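Got your viewer ready? Load the model, switch to cartoon with side chains on demand, and let's walk through it stop by stop.

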Amino acid sequence: MQDEILLTPWRDFPGEDAELRAPQVEEKWDFVLVSDIHEVGSEKEIKRKKFLDELSKKGFTIKKIEDKKLFYGVRAPKQIFQKYQWLQRNPDSRPQNPNNDHNIPVTTRIRIVNFILQNTVTPDLEKLHDLMKKKVFETMFPLHEKEDLREFLEENWARWRDIFRKQPIEKIRCYFGEKVALYFAWLGWYTYLLGFAALAGVAVFVAGITVFNSSQVSKEICEANNTIMCPLCDQKCPFWLLSDTCTYAKVTHMIDNEGTVVFAMLMAIWATVFLELWKRQRATVVTDWDLYRWDEEEEELAMELINNLQHEPQRYQHSYLRSTIVLLLVLLMIAVLIGIAHALVIYRVIAMALFTQSNLEFLREQANTMAVITGAVLHYITIVIMTKVNRHVALYLCDLEKPRTFSHRENNFTVKIFTFQFFTHFSSLIYIAFFLGRINGHPGNYVRIAGKWRLEECHPSGCITDLCIQMAIIMLLKQTISNVIEYLIPWITHKRRKKQHHPKKRSMMVWEEEEVEDPCKRQWLSNYHLNEVNVFSLFDEFLEMVIQYSFTTIFVAAFPLAPLLAFCNNLFEIRLDAIKMMRLRRRMVPRKANDIGIWLQVLEAIGILAVIGNGLVIAITSDFIPMLVYKHTYSPCVTENITGVDCSTGYINHSLSVFRIQDFEPYTKVSETLLDFVTDEIKECRYQDYRNADDYSYTVQFWHIFATRLAFLILFEHVALCVKLIAAWYVPDVPQSVMNQFLDRKHSNLRKELRWVMLQGPAAGASRSRARWG
């Protein structure tokens, strides 16, 4: 069953009925509305009819096709787009006759029709959003049309084989609009520059491998067969030999070496250069699109007036009460996220105690590493869960703020969701980087959770390996599992929907003629079977990449391979997103844009956090500063004026404090044997700290290291920030060619204006000026 409704459109412009009288060579529909088949006379059926009547009054052509559901194709009248073009043109370039129409891009057409559909009000004061909530309409979507542009993108962009091919940004823009095109342009540029960061990270990692067995510190740990370390827990944990952690020490020095400092500085500079070069790239792209000075607010007002000439703009509003409530709720949510990070810390502490008491020898020997690994996996699970919670909370807070426009709502939502996601992803990493092993006390006076479980300690070679393991597991799990799910779920859902809605063909009798199927029906059904998109579909892609950018820059000093993992992931991410958009999802509603919006400010904030984070990792987490102080103050090279020896000789023994066994707390129970040593014969054990052996107070060396850490942190961050500022100044945001292009355009317009005045006379010039300035 099908019928087509042709109604008389508006008569604001002459000659506008000609389009409707002309025969349609090919039916093209702007949008399709889908509804269940409701009973005649039911409330839902009446509401649906009222909404369609309102569209008819605006001149929309409506076609209905009935299958298992009702499909309504809508096509907007020509004059709507004539009005849009007239309002959006520069006053100097507007023709005298608004009917001198130029072909409007399909993306603009879809965007305008979507705006009108979303803002059409029924006599019951209900909009389409309200009707969809009440199940009057199930969904709405623009169509993936069978056209050359789509076929080109499917063959040359949305395929895995094109993973190293340059993206056709201009064609993406023509099909999906500027917002999507800018996302892929940004992602491609980010991935391209990540290649250089990945090469630098690999070089640092390879350099670390070359010193895997040659580090003096690692040698001392591996040879410390007589250095007895204090137990790692209170109940039945044995004393242990420092040499047992030989491999762990080698791995630590492979990550924590002089190259790490240089790499951290380079990544701080890279983050700045990346953003500055992106600003130049963006300026070039949007200038080619003639959108450099495009005003989003003006366009939105234009579409409001096209939809309703009596429309009054919604005023800017600000409520200190609402802002205070939102701020308090944001702080409460951050406190909850930090509390979850504390729960992960408690898990690691308890897991460490249980693993050290396990009957399995492997768990006992690798208790610390297993606690770190399982803690990282648990952290990833909390990330998956809290991501959904964060989204609902951020949307609720945005509703409280009552933003004026969709763009304002999107910006507010972006700031909130990124803040929540940042604490979700990085709270645990911050603890490991800056607090692990520094607030746990010392033997005989440990800091305990609930007075029972004591906090973890760092390995004598430092805590940076724990941070590296945590980052590696989270990045690998997040990127691999997330990408697999991101592709498989839409693919499986699409196949299932297609199978459910694709009935088997009935066998035809000899005398029966096959019914000719409307081509529109086939096209609409194929689009309906695709997965739904929403206003946050592109937002989710941006958020995923910005979180990855945070991992790649903020703690990169602890994990030099982070840029390489991000680079490899992004090569697949580009094609994965393309395949989803072209083959698995309905067509996105195109949005006009001339930049990536508030995401640029978020990226700049991450760049500053990267300087602070890497500076803190080197100053606090790494053993770079303690070893530097030792070499230049306490080593044999200084105290004994010995040459020809490694200046780090004796560092490990110097960094371990002595604890008397008799000073253990009463409820500390130590395992009875330690290899060739008898527990009763052990009078002292060692632990990592700088404390005196008599009263366990801090030594002078501790304060030397503390002062040096603080001085390095201040120096590193000031130097890095200065370099960032110099790089930002040195690389202009707008290329010279773009600036000259605008200059030539202004010059040309002024010459045309002057020539017009000279040819037409002063009166015409004055009239034209009045027309320009209203």
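Ground rule for the strands: two of them pair if DSSP finds at least two bridges between them. Helices (H or I, at least four residues) and strands (E, at least two) are DSSP runs, numbered from the N terminus. Keep in mind that this is a predicted model, where local features need pLDDT of at least 70 and side-chain atom pairs count only at pLDDT 80 or more, while totals for chains, interfaces and linings use all residues. Residues are numbered from 1 along each chain as its sequence is written, and side-chain values use heavy atoms, with hydrogens and water left out.

**Stop 1: strand E2**

Select residues 31-35, which make up strand E2. Now add residues 70-75: that's strand E4, and E2 pairs with E4 in the antiparallel sense over five bridges. For a spot to zoom in on, Ser35 stands opposite Leu70 in E4. Next, bring up residues 139-141, strand E5, which pairs with E2, also in the antiparallel sense, over three bridges. Here the partner of Val32 is Phe141.

Is E2 buried or exposed? Five of its five residues are buried, so the strand is largely enclosed by the rest of the structure. (Buried means under 20% relative accessible area, exposed over 50%, partly exposed in between, with a 1.4 Å probe and protein chains only.) Show the side chains and you'll find both faces covered, with Phe31, Leu33 and Ser35 on one side and Val32 and Val34 on the other.

**Stop 2: salt bridges**

Side chains of opposite charge can pair when their charged atoms come close. The cut-off here: a side-chain nitrogen of Lys or Arg within 4 Å of a carboxyl oxygen of Asp or Glu. How many salt bridges does the structure hold? There are 33; let's visit a few.

Pick Glu126 and Lys47, whose closest N and O atoms are 3.0 Å apart. Glu126 sits in the loop between helix H4 (106-119) and helix H5 (128-133), Lys47 in helix H2 (residues 43-57), so to speak a link between distant parts of the chain, 79 residues apart. Both residues are buried.

Jump to Arg409 and Asp399, where the closest N and O atoms are 2.6 Å apart. Arg409 lies in helix H16 (residues 406-434) and Asp399 in helix H15 (residues 367-401), so the bridge ties together parts ten residues apart in sequence. Arg409 is partly exposed at 25% relative accessible area, and Asp399 is partly exposed at 43%.

Then try Lys580 and Asp577, with closest N and O atoms 3.4 Å apart. They are three residues apart in helix H20 (residues 562-584), so about one helical turn separates them. Lys580 is buried at 1% relative accessible area, and Asp577 is buried at 0%. Finally, select Lys47, Lys50, Asp124, Glu126 and Lys134: salt bridges that share partners join them into one network.

**Stop 3: surface patches**

Patch members have over 30% relative accessible area and no salt bridge; like charges are joined within 9 Å, nonpolar side chains (Val, Leu, Ile, Met, Phe, Trp, Tyr) within 5 Å. Areas come from the Shrake-Rupley method with a 1.4 Å probe, and for residues only the protein chains shown count as cover.

Select Val377, Ile381, Val384, Ile385 and Val389 for a nonpolar surface patch of about 360 Å². Val377 belongs to helix H15 and is partly exposed at 34%.

Last pick: Asp295, Glu296, Glu298 and Asp595, a surface patch of negative charge. Lys and Arg count as positive and Asp and Glu as negative, with His and the chain ends not counted; each charge is placed at NZ of Lys, CZ of Arg, CG of Asp or CD of Glu. Asp295 lies in the loop between helix H11 (258-288) and helix H12 (296-307) and is partly exposed at 37%.
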